[in-house]
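This report covers the fold, cores and helix packing of one chain. The sequence and structure come first, followed by the details.

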Amino acid sequence: MTSSLATAVLDNPAWSSLTGAHTRFAQVNGRAARYDDDVAPFHAVEDPADPRAWADLSALVPAGATVAIVGAGRTVHPGWEIGGSVAGVQLVSTGPPGAGVFAADFATVFETVRLGPADVPEILDLIDRTQPGPFRRRTVELGVYLGLRTPGGRLIAMAGERLHPAGWTEISAVCTDPAYRKRGLATRLVHTIAAGIRDRGDTPFLHTSAGNVNAIRLYESIGFALRRRTDFTQYRRVGPA
């Protein structure tokens, strides 16, 4: 069983990532940090209840700009206002999933490929059509991203790795072209990504909207369990801290 100390980093996964595995993508100012604009839209503060952290974040964000913070609990401090918030859930892997049920033609019809910078235009097109969450031009550099291509070479499904808090790796950008859904394609990619995460000694976790009941049921069916309820909140810098 994973200890509470080991899971504590999941309360603030972006901060742990930005000050750990993802420092090369980070801009850090005291108690605040952010990803480079072309990598990810996420910002983080060491302690969302600490006004000093929000003051530090102000130095990283121009007035009028909007930032995305996971799990800040809708805390508001001088110089900031909430631009919008969505209730979310965080799920963690409880162990290797079962074999699952996938389309019989999966291995023979669709090619599994490692995605990289050359694939970004196609990735962004698929993301735009399926809306699994934010994805920037260099997000693909955050970890392993896998895709499925048809015999004609069209990218029709993908999944990959995003946040890397110590000991954990987030699975993200899970999506399938609408014309190819209900065939277990993205589920198969999640299995493969999760196996790679475990092979290097990390534990998979993921986030989704609390209202996305179908996705939550799917993830629970392949070995993920609810750890906590959280929020995905946008904050707008409205003036000096």
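## Helix H7 and its surroundings

The buried residues of H7 pack against E5, E9, H6, E10 and strand E11 (224-237). Here a contact means heavy atoms within 4.5 Å, and buried means under 20% relative accessible area, exposed over 50%, partly exposed in between (1.4 Å probe, protein chains only). Helices (H or I, at least four residues) and strands (E, at least two) are DSSP runs, numbered from the N terminus.

This is a predicted model, in which local features need pLDDT of at least 70 and side-chain atom pairs count only at pLDDT 80 or more, while totals for chains, interfaces and linings use all residues. Residues are numbered from 1 along each chain as its sequence is written, and side-chain values use heavy atoms, with hydrogens and water left out.

Ala 215, Ile 216 and Tyr 219 are the buried residues of H7. Seen down the helix axis they fall within an arc of 100 degrees, so they line one face of H7; the arc is that of the directions from the helix axis to the C-beta atoms. Asn 214, Arg 217 and Ser 221 are exposed on the other side of H7. After H7 comes Gly 223, with a positive phi near 100 degrees.

Thr 208, in strand E10 (residues 203-209), is buried at a relative accessible area of 12%. Leaving aside residues up to four places away in sequence, Thr 208 touches Gly 88, Val 89, Leu 91, Ala 215, Ile 216 and Phe 232.

## Helix H5

In H5 (residues 120-130), the buried residues include Val 120, Ile 123, Leu 126, Ile 127 and Thr 130. They cover an arc of only 125 degrees around the axis, which puts them on the same side of H5. Pro 121 and Asp 128 are exposed on the other side of H5. The cover over the buried residues of H5 includes E8 and strand E9 (168-176).

## Positive phi outside glycine

| Residue | Phi | Place | Relative accessible area |
|---|---|---|---|
| Ala 173 | near 55 degrees | strand E9 | 8%, buried |
| Lys 182 | near 65 degrees | loop between E9 and H6 | 87%, exposed |

Gln 131, just after H5, also takes a positive phi, of about 55 degrees.

## Nonpolar cores

A nonpolar core is a set of buried Ala, Val, Leu, Ile, Met, Phe, Trp, Tyr and Cys residues joined through side-chain atoms within 4.5 Å. The largest core has 22 residues, of which Leu 148, Ile 156, Ile 171, Leu 185, Tyr 219 and Phe 224 touch the most other members. Two or more residues of this core come from each of strand E5 (80-93), strand E7 (145-149), strand E8 (155-161), helix H6 (185-199) and helix H7 (213-221). H6 gives the most, with 6 residues. Another core, of 19 residues, lies apart from it and has Trp 15, Ala 26, Val 70 and Leu 163 among its members.

## The chain as a whole

The chain holds 7 helices and 11 strands. Its radius of gyration is 18 Å, close to the 18 Å that the globule rule gives for 241 residues, so the chain is as compact as a globular protein of that length. The radius is taken over C-alpha atoms, and the rule is 2.2 Å times the number of residues to the power 0.38. Buried residues make up 50% of the 241 residues. Of the contacts with a separation of 6 or more, 71% join residues 24 or more positions apart.
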